[in-house]
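User: I would like to learn how to read cavities, helix contacts and salt bridges in a model. Can we go through them in turn?

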Amino acid sequence: MNWSKVRLILGREIRDQLRDRRTLFMIAVLPLVLYPLLGMSFFQVTQFMREHAARVLVIGAPDSPDLPPLIEDDHFAEELFSNPKTAGLLKLTLQPVTGDWKEPLDEARREMLEGNYDLVVCFPPDFVESYTRLQRALEPGNRGQAAQKLAASGLPEIKVFPNLAQDASRAGHRRVVDALDRWRDELADRSLQESKLPAVVARPFKIETIDAADPEQHKAAAWSKLLPFVLLLCALTGAFYPAIDLCGGEKERGTLETLLSSPAERLEIVWGKLLTIMIFSMATASLNLGSIALTGSFVLSQIPNLGPPPMLAFVWLLVALVPVSALFSALCLALAAFARSTKEGQYYLMPLMLVAMPLSFLPMAPGVELNIGNSLIPITGLVLLLRSMLEGNYLAALPYVPLVALVTLGCCALAIRWATNQFNSESVLFRESERWDVRAWIAHLLRDRELTPSFAEAMACGVLILMIRFFMGFSLPAPHSFREFAVLTAVTQLVVIATPALLMAVMLTLSPAQTLLLRKPSLWAAAGGLLLGFTLHPLANLLQSIVMRIYPISEQMAELLAGMQIGSDNIWTTLLIIAALPAVCEELAFRGFILSGFSRGNNKWTAIVLSSVFFGAAHSIFQQSLVACLLGTVIGFIAMQTGSLLPGILFHIVHNSLAVLAGDFVPDGQPTTWQSWLWRANPEHGQLYGWSAILLSLVVSALILRWFARLPDSSRRQAGSRELLTHQTAHSMAS
């Protein structure tokens, strides 16, 4: 790659973008004026933000000189609140109890639902009498049996009826309960005093809460939740619009063909455009962050415990901005290359945000902290690392910096490669505009069938399987016996997974047998798949235990799995349901139809990885999905090298069978010499095999996979078969 050509393309693209007034406005003008205007609007709006008094209906409020004051005029006594002004936020309406007290209660609840009151407080009619009986029970000489009888008969209940679906009712309910709690404490203190007991008997200790954080830590904690999200959002939007103009806009202006016909290579063009998009993405994010800092210095300093963000925070944000901008720039460039116009390109912003925003919001969820598992999640790990840095937890965040950097740079590399592949595909760059007609499209699918499915048909099959499995998972109850488990597994495998793949193979392809890789393999290939199922299982088991340590199963999921009875007295029936049936059905779908569709016009490993992702997503448990995705890559590689589904099915059956049977071989007591060489006496996190067996598994499995890798690539043979069939079809149509 010639970097001088990249610099020429970079200068050309930057000049074109700087001539666009819309781009300059979005990058430079809007960030500088947006946040000051938002600050001004905030202070204007705060003039209308005030707490309204909650309307409270009090039924049967006690009025006795023997009781501490509860209600004064139309509000609770001010001494019942830590802040006396809070009493004015509860506007009371008193209503006596006459006759059966349930009748006025029903009437009050009806009026509350109609909006006349925010909540209702009901005192029992005999509240004063109950309090008097309690006082007598506590008198010297009456304690003991009388108090026990009083407690057994039940203490009086003050009922509070809020409408928790409304904010005003929730706020009023909290204040009313606090006032009643303080009033109850005063009643207890008075009772103890009259009984010649000190008040300290009821409260033998004090609780004092002292905040160990200083104001700077509070400020850093508040900004650490906002600034990383702003960084990601600005980097994404700052990269998207220039990418659309550099690809879809050039297609509309007719200048893309001129650039592609220049001496520059496609990779050099991609890097020139990518660096241009990165510059504008970083400029947009930097100006937005700078405007936030300027606005925060003047406006947000008026808010207690907030103030302007610390200046050190912007250092960490600028460091993180480089990989974030590179990632979003490459993704936006790849999507924009697929767009035929700027209008079509704008439609791709929403799917990209639907993927990026949940990963950005996940760190804001309660209980989500920076650990090994979360640091391996793209974007989420970066946001959590930034939060820790902004909060000043440098020592706690330092061990996770290499993991987050490795994951982020890996995602950047994959995104850049995807963008490069998009620019190397003539069918992507020069797609023609078309009107979509449902009837014509269906006729085209059924009439113009090809030997194997297309990429879009494989994608549709995978999405359809996942959607059906998702809705069936919520509609069907969890099994509580082996018979129920067997029925659920059979329905899931046959109806949800196998049927869509088989129907689409018959309806949409000319050769279902070649689509589903129903080809007889060599005896050595079948034996290799069978043997690999045995040798790779210790490594798969180790991987499963590592995943369980990084992402432990939740207590709710553990209870659900413990309640499922999947054991059977007949081991062959168990193996048929758990091992054989899923192996056949899942291989037909994921290594048959879906892998065949993804392999058309794509790199072999791209097809293998994409089909493995769908295979992993089809497993309902997240920890199982990760391991299944990696094992699916191995099975997909075997299927591509042999051109047959049978070795993968044999591998799948052996692996599932060992997962069922391996636990029976673990020694219960002290293992013998050969047992300790193979098995662990006390399995931790599901790790059954010893390290000697795992090392042997690694060596033998690597040799078997190397043997598969030296086989002739079946994807080339399939491509030749498709080309031959195309020529034969064209010749028959011409004759």
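Analyst: We take the cavity, then two helix pairs, then a salt bridge. This is a predicted model: local features need pLDDT of at least 70, side-chain atom pairs count only at pLDDT 80 or more, and totals for chains, interfaces and linings use all residues. Residues are numbered from 1 along each chain as its sequence is written, and side-chain values use heavy atoms, with hydrogens and water left out.

User: How many cavities of 30 Å³ or more are there?

Analyst: A cavity is a set of points, on a 1 Å grid over the protein atoms alone, where a 1.4 Å probe fits but cannot get out. Volume is the space filled by probe spheres set on the points. Here the count is 1 cavity of 30 Å³ or more. The largest cavity holds about 60 Å³.

User: Which residues line the largest cavity?

Analyst: Lining residues have an atom within 4 Å of a point. Among them are Leu232, Val324, Leu327, Phe328 and Thr408. Helices are DSSP runs (H or I, at least four residues), numbered from the N terminus. α10 (311–338) and α16 (401–424) each give two or more residues to this lining. α10 gives the most, with 3 residues. By class, the lining has 8 nonpolar, 1 polar and no charged residues.

User: What angle do the axes of α19 and α26 make?

Analyst: Axes are lines fitted to C-alpha atoms over the stretch in contact, and angles run from 0 to 180 degrees between N-to-C directions. α19 (residues 455–475) and α26 (residues 604–617) come within 10 Å and cross at roughly 10 degrees. They are therefore roughly parallel (angles under 35 degrees). Contact means heavy atoms within 4.5 Å. Phe455 and Met459 of α19 take part, as do Leu610 and Phe614 of α26, among others. The contact has 7 nonpolar, 1 polar and no charged residues.

User: Where do α27 and α30 stand?

Analyst: Their axes come within 9 Å and cross at roughly 35 degrees. The contact includes Phe637 of α27 and Phe708 of α30.

User: How many salt bridges are there?

Analyst: A salt bridge is a side-chain nitrogen of Lys or Arg within 4 Å of a carboxyl oxygen of Asp or Glu. The structure holds 11. One joins Lys273 and Glu13 (3.0 Å, N to O). This pair links α9 (residues 266–298) to α1 (residues 3–18), 260 residues apart.

Definitions and conventions
1 Å grid on protein atoms, 1.4 Å probe; cavity = no way out; pocket = protein on both sides within 12 Å on 5 of 7 lines; lining within 4 Å. Nonpolar A, V, L, I, M, F, W, Y, C, P; charged D, E, K, R; others polar. Parallel < 35°, antiparallel > 145°, perpendicular 65-115°, else oblique.
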